[in-house]
Amino acid sequence: MATMRSTTEHWEEFYATHLPPSDFEDNRTLLKEFCKRHNKGNTRIVLITSGGTTVPLEHNTVRFVDNFSGGTRGAASAEYFLEHNYAVIYMHRLKSMEPFTRHFSGQTFLDMLELNERGPNTTITVKPDSVDVLAPVLASYKSAHDSGSILYVNFTTVSDYFWLLRAACECLTDCGPRALLYLAAAVSDFYIPSSQIPIHKIQSHTGVPNIQLQLAPKMLAPLVSLWIPHAFVVSFKLETDENILISKARAALSKYKHTLVIGNLLQTRRTRVVFVTPTSSSEVTLTREQILNGMEIEDNIVSNVVSHHTDFIKSQHY
Ligand code: 9Z3
């Protein structure tokens, strides 16, 4: 299916042949301002990528290939990083899960409200039994927003994602080892180069379309070696076959020379992940009881990542 050629040397070609998204300069300005504001003292900044990327089949996109991922991992992790006093860049797929609002998906938010209809004096109140649920989330939300501790930037296509990722790294590079990259987005391994996509909707009367995906460039390579060489980089490795998870995580570490890979299986990702470093592997799991108590695995993942990051900063003698 895909043209087999070395992917690492094609990242430059990608940027030379794909236009940035239309809101790119606006996002770059926001990223620069955010990094400048937080790049002081001991403040740590985390870039969280979250949600799946799309591969459009047409420029005027009616259809696209998608990568699964609702963005739960990234959105939950953002809240825990804020609790650890990190400044958070939340780079997510548009319309995927976001921190804070994720607690009230579907009808649940409206169900918490009471409508008191009194003509022009109509009021809306929170139902008494919902206050306990809403208050802590609202307090965390207000605190993060009022202190300017979180920045949201979004992508849809894999190409948007690549452009934003490089821009975010360039803005973060001055933060040295206090920058943490937490790459939880489900990024497509395949794409169709822009020059090979038709402008208009593919028509059925022309017969079965011949769609050829190509290997996407692996941006972790230039990211680690060139764009942000002093940061603490954590990538996630998603597999569906337990037998290859650790070996694939190790292969990524030795190929890209970053610090930590968190491996997870699609089927069990909510209750088990494996932290893989060049010299060790250890599981982070949730027990049945912890799940029943409403605990989230991201709480443990983030605590562990933060302590790895602390060790990393110390080892860099900054
Ligand atoms: C992950 O493995 C994330 O943990 C999940 C989270 C996508 C499984 P959800 O959004 O799921 O909570 O539903 N992300 C990384 C996936 C990925 O594309 N990794 C690349 C790879 O495996 C390397 S960066 O090659």
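These exercises work through one predicted protein model and its ligand.

Residues are numbered from 1 along each chain as its sequence is written. The model is predicted: local features need pLDDT of at least 70, side-chain atom pairs count only at pLDDT 80 or more, and totals for chains, interfaces and linings use all residues.

**Exercise 1. The whole chain**

Task: Decide whether the radius of gyration agrees with a compact globule.

Solution:
- Step 1. Take the rule: 2.2 Å times the number of residues to the power 0.38, with the radius taken over C-alpha atoms.
- Step 2. Apply the rule. For 318 residues, a compact globule would have a radius near 20 Å.
- Step 3. Compare. The protein chain has 21 Å, which agrees.
- Step 4. Add the box. Along the principal axes, the C-alpha atoms fill roughly 65 × 60 × 40 Å.
- Step 5. Count the elements. The chain has 10 helices and 14 strands. These are DSSP runs, numbered from the N terminus: helices are H or I with at least four residues, strands are E with at least two.

**Exercise 2. One residue in a strand**

Task: Find out why S50 counts as buried, and list what it touches.

Solution:
- Step 1. Place the residue. S50 is in strand β1, residues 45-50.
- Step 2. Recall the cut-offs. Buried means 20 or more other C-beta atoms within 10 Å of the residue's own, exposed means 12 or fewer, and partly exposed lies in between; C-beta atoms are placed from the backbone.
- Step 3. Count. S50 has 29 other C-beta atoms within 10 Å, so S50 is buried.
- Step 4. List contacts (C-beta atoms, placed from the backbone, within 7 Å). Leaving out residues up to four places away in sequence, S50 touches several residues, including G71, R73, Y90, H92 and A184.
- Step 5. Return to the chain. Buried residues make up 33% of its 318 residues.

**Exercise 3. The ligand shell**

Task: Which element gives the most residues to the shell around the ligand?

Solution:
- Step 1. Define the shell. A residue belongs if its C-beta atom, placed from the backbone, lies within 6 Å of the ligand.
- Step 2. Count. The ligand is surrounded by 15 residues, and the closest are S69, T72, R73, F236 and L238.
- Step 3. Find the elements. Those giving two or more residues are α3 (72-83) and β11 (232-239).
- Step 4. Choose. β11 gives the most, with 4 residues.

**Exercise 4. Helix α3**

Task: Is α3 mostly covered or mostly uncovered?

Solution:
- Step 1. Check its span. The 12 residues of α3 reach 17 Å from first C-alpha to last, close to the expected 16 Å. The expected span is 1.5 Å times one less than the number of residues.
- Step 2. Count buried residues. They are 10 of the 12, so α3 is mostly covered.
- Step 3. Name some of them. R73, A76, E79 and F81 are among the buried residues.
- Step 4. Find the cover. It includes β1, β4 (87-93) and α10 (297-315).
- Step 5. Look past the end. α3 is followed by N85, whose phi is positive, near 65°.

**Exercise 5. Positive phi in two loops**

Task: Where do F100 and K257 lie?

Solution:
- Step 1. Locate F100. It sits in the loop between β4 and α4 (108-111). Its phi is near 70°, a positive value in a residue other than glycine.
- Step 2. Locate K257. This residue is in the loop between α8 (242-256) and β12 (260-265). Its phi is near 60°, also positive.
- Step 3. Judge F100. It has 18 C-beta neighbours inside 10 Å, so F100 counts as partly exposed.
- Step 4. Judge K257. It has 14 C-beta neighbours inside 10 Å, so K257 counts as partly exposed.

Notes
Contact = placed C-beta atoms within 7 Å.
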